[in-house]
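I set out to record what I looked up in this model, entry by entry. The topics are charged pairs, helices, strands and aromatic rings.

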Amino acid sequence: MSTEKETIIGVLALQGAFEEHQECIEKATGYKTVQVKKPEQLDGIDGIIFPGGESTAMGLIGTVDGMWAALKEFTQAGKPTWGTCAGMILLAERCVGGSAVIENGQSLIGGLDVLVCRNYFGSQISSFEMPTPSPPGFEDGGDYPGVFIRAPAILTVGDDIEVLGKVVATPCRQAAVVLRELETKIANGENVIMMGVVDALERENGIKYVDVKKEEKKDASADEMGNLQLPGAADGTNAREVICAARKNNMLITAFHPEITDDYRWHKYFGQMVKESK
């Protein structure tokens with residue numbers, strides 16, 4: 001009789017599309033899933049998914065009872081972790097376009113040397129689907145249907161990050177303001193860890209961008225984080241080639257929402273990560 005331990009994947013259930021991820025991972029892999037709402041529920045699980053949703057709300061909830069500290073310990077221990085959309089933001093070391101009303105900026109778990117721009121692809125009503133690269137080893141079936149809902153984009157990654165997918169997309173109006181300010185800071189030699197920006201418009205004499213309200217959090221040196229280099233913008237359209245999927249060892253991030261499609265290849269890929277880690 002086999003005594004092999006049952007594989008269990010947790011889904012962070014503070015807010016967002018956690019039930020959809022549970023359904024997908026169970027159909028894709030046959031693994032058992034559990035909702036994780038408290039630090040003690042991390043015990044005994046083999047991997048965890050951070051779902052899409054609202055990263056600011058997750059951050060506010062997760063810092064109340066020590067959940068963020070427990071999640072950092074979990075990911076740093078090498079347990080497979082997958083962040084989708086808002087979950088991707090939580091795993092980033094750097095974030096721009098965060099809410100300027102949150103004291104001390106966006107609450108991040110971190111672990112991946114990536115720079116993420118929140119809401120790069122636009123607001124909720126600007127949601128769309130576009131072809132994206134399929135996960136490694138699951139190319140059968142062609143491009144993957146990437147669903148972007150108020151989605152972030154990865155602007156740049158560290159040398160130890162494996163890029164799994166890129167798309168060419170024009171930043172939304174608010175993200176364009178963020179990028180303009182970020183490019184100014186980079187040109188001035190500043191090392192940006194976190195930057196919140198509130199979009200502002202002047203409607204007299206036509207619509208144009210005006211000064212933005214912003215905040216920064218600097219908690220790492222330039223030597224620790226390296227130099228920033230943003231993807232170049234196309235003339236006329238401002239479209240950029242941005243990263244939509246990446247991985248470093250046990251940590252996987254995707255900007256889109258695989259949990260609301262009937263294509264389970266990314267869930268199978270993460271299930272494979274969990275299997276290989278045991």
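Entry 1. With which residue does lysine 27 form a salt bridge? I worked on a predicted model throughout. I found that the partner is glutamate 23, with the closest N and O atoms 2.8 Å apart. I then placed the two residues: both belong to helix H1, which covers residues 18–29. They are 4 residues apart, about one turn of the helix. I looked up their accessibility as well. Lysine 27 has a relative accessible area of 51% and is exposed, because the cut-off for that class is over 50%. Glutamate 23, at 44%, is partly exposed.

Entry 2. I asked how many salt bridges the structure holds. The total is 6. One of them joins lysine 5 to aspartate 46, where the closest N and O atoms are 3.5 Å apart. I noted that this pair links distant parts of the chain, with the two positions 41 residues apart in numbering. Lysine 5 sits in the segment before strand E1 (8–12), whereas aspartate 46 sits in the loop between strand E2 (32–36) and strand E3 (47–50). Is each partner buried or exposed, wholly or in part? Lysine 5 is partly exposed, with a relative accessible area of 45%. Aspartate 46 has 10% relative accessibility and therefore counts as buried, the limit being under 20%.

Entry 3. I turned to arginine 265, whose side chain meets that of aspartate 263 in a salt bridge at 2.8 Å, N to O. Arginine 265 is buried at 8% relative accessibility. Aspartate 263 is buried too, with a relative accessible area of 15%.

Entry 4. I followed arginine 265 into helix H7, which spans residues 265–277 and has 13 residues. From first C-alpha to last, H7 reaches 19 Å, close to the 18 Å expected at 1.5 Å a residue. I listed the buried residues of H7: Arg265, Trp266, His267, Tyr269, Phe270, Gly271, Met273 and Val274.

Entry 5. I made the corresponding check on helix H5, residues 173–187. Its 15 residues reach 21 Å between the end C-alpha atoms, close to the 21 Å expected. Which residues of H5 are buried? I found Ala175, Ala176, Val177, Val178, Leu179, Glu181, Leu182 and Lys185. Just after H5, glycine 189 takes a positive phi of about 85°.

Entry 6. I examined strand E6, residues 112–117, and found it mostly covered, with 5 of its 6 residues buried. E6 pairs with strand E9 (residues 153–157) in the antiparallel sense, over 4 bridges. Where I looked up valine 116, its bridge partner in E9 was isoleucine 154.

Entry 7. Finally, I looked at the aromatic rings, which form 10 aromatic pairs in the structure. In one of these pairs, phenylalanine 121 and phenylalanine 148 are tilted, at 4.6 Å centre to centre and 45° between the planes. The pair links distant parts of the chain, 27 residues apart. Phenylalanine 121 lies in the loop between E6 and strand E7 (128–132), and phenylalanine 148 lies in strand E8 (residues 144–148). Both phenylalanines are buried. I also recorded a cluster linked by ring pairs, made up of Tyr120, Phe121, Phe128, Phe138, Tyr144, Phe148, Phe256, Trp266 and Tyr269. Of these cluster members, Trp266 and Tyr269 appear among the buried residues of H7 in Entry 4.

Methods: Residues are numbered from 1 along each chain as its sequence is written. This is a predicted model: local features need pLDDT of at least 70, side-chain atom pairs count only at pLDDT 80 or more; totals for chains, interfaces and linings use all residues. Side-chain values use heavy atoms; hydrogens and water are left out. A salt bridge is a side-chain nitrogen of Lys or Arg within 4 Å of a carboxyl oxygen of Asp or Glu. Buried means under 20% relative accessible area, exposed over 50%, partly exposed in between (1.4 Å probe, protein chains only). The expected span of a helix is 1.5 Å times one less than its number of residues. Two strands pair if DSSP finds at least two bridges between them. Rings of Phe, Tyr and Trp (its six-membered ring) pair if their centres lie within 6.5 Å; planes under 30 degrees apart count as stacked, over 60 as edge-to-face and the rest as tilted.
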